[in-house]
Amino acid sequence: MNIATHMRSLAVSAAIAGGLAAGLAAPAFADNWRGWNIHPAGYPNSVAMDQFVEEVNSNTDGRVNAEVFHSGTLGSQPDAIEQTRNNALQFANFNMGPMGEIVPATNVLSLPFIFTGIDHMHTVMDGDIGQQFSDALAEQGLVALSWFDSGSRSFYNTSKPIMKPEDMDGMKFRVMNNSLFVDMVDNLGGNATPMAYSEVYQALKTGVIDGAENNYPSFESSNHYEVAKYYSITDHLIIPECLCISTGAWEALSDEDKDIVRQAAINAAETQRKLWAERELESRKKVEDSGVSINEVEDKAAFQGHMAPVYEGFLSQNPDMKGLVQSIQATN
Ligand code: GTR
């Protein structure tokens, strides 16, 4: 036995003895969970994930020992989705954008202009329709415990305000990893480049791309605003995000611990949504103060008008999704 192994076995014996001495029902071996988060510490999602971890660890009396890693240090979002499905990571905050490649039903949430606003998205996600997405995720190894806000996404770029789709002609925009977004930008006349979030800053700076699209908090916290000085309010995507846990980690929990974990996720979402609303205003102000020009787009319908082929293409490949799209559109 080498010294490290010896020390570990001493620590384990001490933990068992300590547990027995204290008469605890808790097992001596905790479930160690690693969690993925793309955002930096202090971002609304990160604060909510920290809260989730604290609550889970303390309310399970150490039966779960969770740790969350911020700033995407555990890899890109598509990789992290795979790792969580395989239980190599146990929990994460995922945007549904890149999820569509793995769980096709979630693509419905990535259809441009599918939601008329944030309230519409909440009504859908918090009701019976939202449950259908959770069911589809569960079939692919992910349990969605609660839903976070991600505002609405708009285009930004390094050279000019975008007022109408024609202004995007020939410009290169980074999109999240999903062919739906490639179609979206192509139909607006631009060129789409799927790329990991972590690479966008450098790509904007070196001119590999002309622009990207995101909400204010991500535009600001990623520092993209330092290089892309034009933000045009197209509000073309409103994509919810889950606090998801791997099916493996979920199924290993007792019923009591499932309740604790689910409640912690619901509380985390409440915190996230509250902080999100504040951060959207703060981020908008910060980027404007730094000299970013933000323009309203008067005729958003012109952008929406280019989306018919995106819907047609998607529904012809996924005819079974028609009902879901229609029920979202019919929800007020
Ligand atoms: C953010 C989102 C991230 C990530 C990122 C991106 O708004 O919260 O999960 O999807 O956008 O553009 O890749």
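Here are some questions and answers on the ligand shell, the two domains and two helices of this predicted model.

Residues are numbered from 1 along each chain as its sequence is written. In this predicted model, local features need pLDDT of at least 70 and side-chain atom pairs count only at pLDDT 80 or more, while totals for chains, interfaces and linings use all residues.

Visitor: Into how many nonpolar, polar and charged residues does the shell around the ligand divide?
Guide: A residue is near the ligand if its C-beta atom, placed from the backbone, lies within 6 Å of it. The shell includes I38, N95, Y197 and E241. Ala, Val, Leu, Ile, Met, Phe, Trp, Tyr, Cys and Pro count as nonpolar, Asp, Glu, Lys and Arg as charged, and the others, Gly among them, as polar. The division is 3 nonpolar, 7 polar and 1 charged.

Visitor: From which domains does the shell around the ligand draw at least three residues each?
Guide: Domain bounds come from an automatic or database domain assignment. That assignment gives domain 1 and domain 2. The shell takes at least three residues from each of domain 1 (27-149 + 240-280) and domain 2 (152-238 + 292-320).

Visitor: Which elements give two or more residues to the side of domain 1 that touches domain 2?
Guide: The domain centres, taken over C-alpha atoms, are separated by 25 Å. The contact (C-beta atoms, placed from the backbone, within 7 Å) takes 24 residues from domain 1 and 20 residues from domain 2. Helices (H or I, at least four residues) and strands (E, at least two) are DSSP runs, numbered from the N terminus. The elements are α3 (77-85), α4 (118-126) and α10 (255-289).

Visitor: What arc do the buried residues of α6 cover around the axis?
Guide: A residue is buried if 20 or more other C-beta atoms, placed from the backbone, lie within 10 Å of its own, exposed if 12 or fewer, and partly exposed in between. In α6 (residues 179-187) the buried ones are L180, F181, M184 and V185. They lie on the same side of α6, because their arc, taken from the directions from the helix axis to the C-beta atoms, is only 130°.

Visitor: Which elements are included in what covers the buried residues of α6?
Guide: The residues to be covered are L180, F181, M184 and V185. Their cover includes β6 (172-175), β7 (191-194) and α12 (308-317).

Visitor: How many Å does α10 reach from its first C-alpha to its last?
Guide: α10 has 35 residues. The expected span is 1.5 Å times one less than the number of residues, here 51 Å. The helix comes close to that, reaching 50 Å.

Note on methods:
Contact = placed C-beta atoms within 7 Å.
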